[in-house]
Amino acid sequence: MAVKKGEKIDSLKAELRAKRENITLLRAPLTTLYLFTVVVLDYTKYLITNSLKSSITHFLVLPLVGLYAGLKYTGDFADEVGLVDFWVSYVVWWFGLGVLSSIGLGSGMHSGILFLFPHIFRIVTASKICGHMDFESSCDMWWQECDMHCITPSTDTESEFVAVLARTMLPAMLWGAGTATGEIPPYLVSRAAALSGQMDEETMEMLEETKGNDAFSKMKAWMVDFVEKYGFWGVLLMSAWPNAAFDLVGICCGQLNVSFMTFYVATMIGKAFIKVNGQAVFFVVWFRNPEVVMDFAAKTVESFDFLPISGDDVRAKLEVAYKSVTQGQMKEGDEGWVKFIGEKVVIAFILMFLVSTIQQFAQQRQKMYDDQKLEKLTKEKKCE
């Protein structure tokens, strides 16, 4: 009888898991939105409750908010208040984009490709047009129109590489700090599971991926062993390059009960200081030498014989487009068309990210309900 009961629980577990996979906006929109709303309300209640209990809120946050509100209302120190508004908006934009890029298990938004790297390109382009760095680039946030026009007359000289790189470093490092912060959830979930003696399904699946025989699985296994052996320095090195499997590092650290500060500080140094500045150097060099981009695009097209366009054609079109953009000679119709397509691509990526996030949270909440049901059945089995 006990065996049959155990088989029944295993069968129910598989059935519940199959049902959770159908909790999507396409297959079960009302259920998905309901579960997501419950999660949002619970997290909001949790944040408000804990914030009100925190001494930091009472002695730092609330006084600062009160001071800011008073100065904003009275109009005193308008310039200073405006400066605070600007920098808060700036930090939230770039840091937030970094969080969105890495949060979740492989479901983050590609905000580097959509926002940061195009921002670096615009800075490099403006520096080439102006011949100096006296132009405004910090306005390139929150989908604002930011022309980056030259404040002083342009010159025939070329801006120094270091000056251009320095202009890109603040948004890049804020974005990198956000990506490091976005890696916290997998770590916390894994550590909570380790402390409770249970294992989350997604955690189990990711750890199982290290047992495969393909090259990628072997690389993941090596990465886990490396982090387990070297601790802080292992996490730092694994975060110091564009590592698509870094979620596994967070899960590994959680399972090994690595302290939060060890994991977070190592990840912050690797992502916000080493990796992202290396990316900034790469893209500044690349964008300052557009012929490299053109050669790469042409050779890539030539490597695919089935494409109905030659590498020379691609290079010619890129040369015309680059000259038009840098000299401000793009035709109005062309500019509108390119901008229209670009905006729609960005919107599509954002929508895909939002859909993925909503479905993931909904499925996680349903899993919590399913686990409670299975736990109840298990206890009934023990009582029999």
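**Notebook: a greasy patch and some cysteines**

Started with Leu 64, and found that Leu 64 sits in helix α3, residues 55-74. Note to self: this is a predicted model. Leu 64 also helps make a nonpolar surface patch of about 550 Å². The other members of that patch are Ile 56, Leu 60, Val 61, Val 65 and Leu 67.

Next I looked up the cysteines. How many disulfides does the count come to? I got two.

One disulfide links Cys 130 and Cys 150, with 1.9 Å from S to S. I checked the angle about the S-S bond: -95°, a left-handed link. What does the pair tie together? Cys 130 is in helix α5 (residues 111-130) and Cys 150 is in the loop between α5 and α6 (161-181), so the bond connects parts 20 residues apart in sequence. Cys 130 is buried at 0% relative accessible area, while Cys 150 is partly exposed at 25%.

The other disulfide is between Cys 139 and Cys 146, and I read 1.9 Å between their sulfur atoms. Here the torsion about the S-S bond is about 65°, so I wrote this disulfide down as right-handed. Buried or exposed, these two? Both Cys 139 and Cys 146 are buried.

Counting bonded cysteines along the chain, I get the pattern 1-4, 2-3.

Then I looked at Cys 252, which is in no disulfide; its nearest cysteine sulfur belongs to Cys 253, 5.6 Å away. Why no bond? A disulfide needs the sulfur atoms within 2.5 Å. Cys 252 is buried, with 4% relative accessible area. Cys 253 is in no disulfide either, and I have Cys 253 down as buried at 0%.

Conventions: Residues numbered from 1 in each chain as written. Predicted model: local features only at pLDDT ≥ 70, side-chain atom pairs only at ≥ 80, totals over all residues. Heavy atoms only, no water. Patch = residues over 30% accessible without salt bridge, like charges linked within 9 Å, V, L, I, M, F, W, Y side chains within 5 Å. Areas by Shrake-Rupley, 256 points an atom, 1.4 Å probe, with all protein chains shown as cover. Salt bridge = Lys/Arg side-chain N within 4 Å of Asp/Glu carboxyl O. Helix = DSSP H or I, 4+ residues; strand = E, 2+ residues; numbered from the N terminus. Buried < 20%, exposed > 50% of the residue type's maximum accessible area, 1.4 Å probe, protein only.
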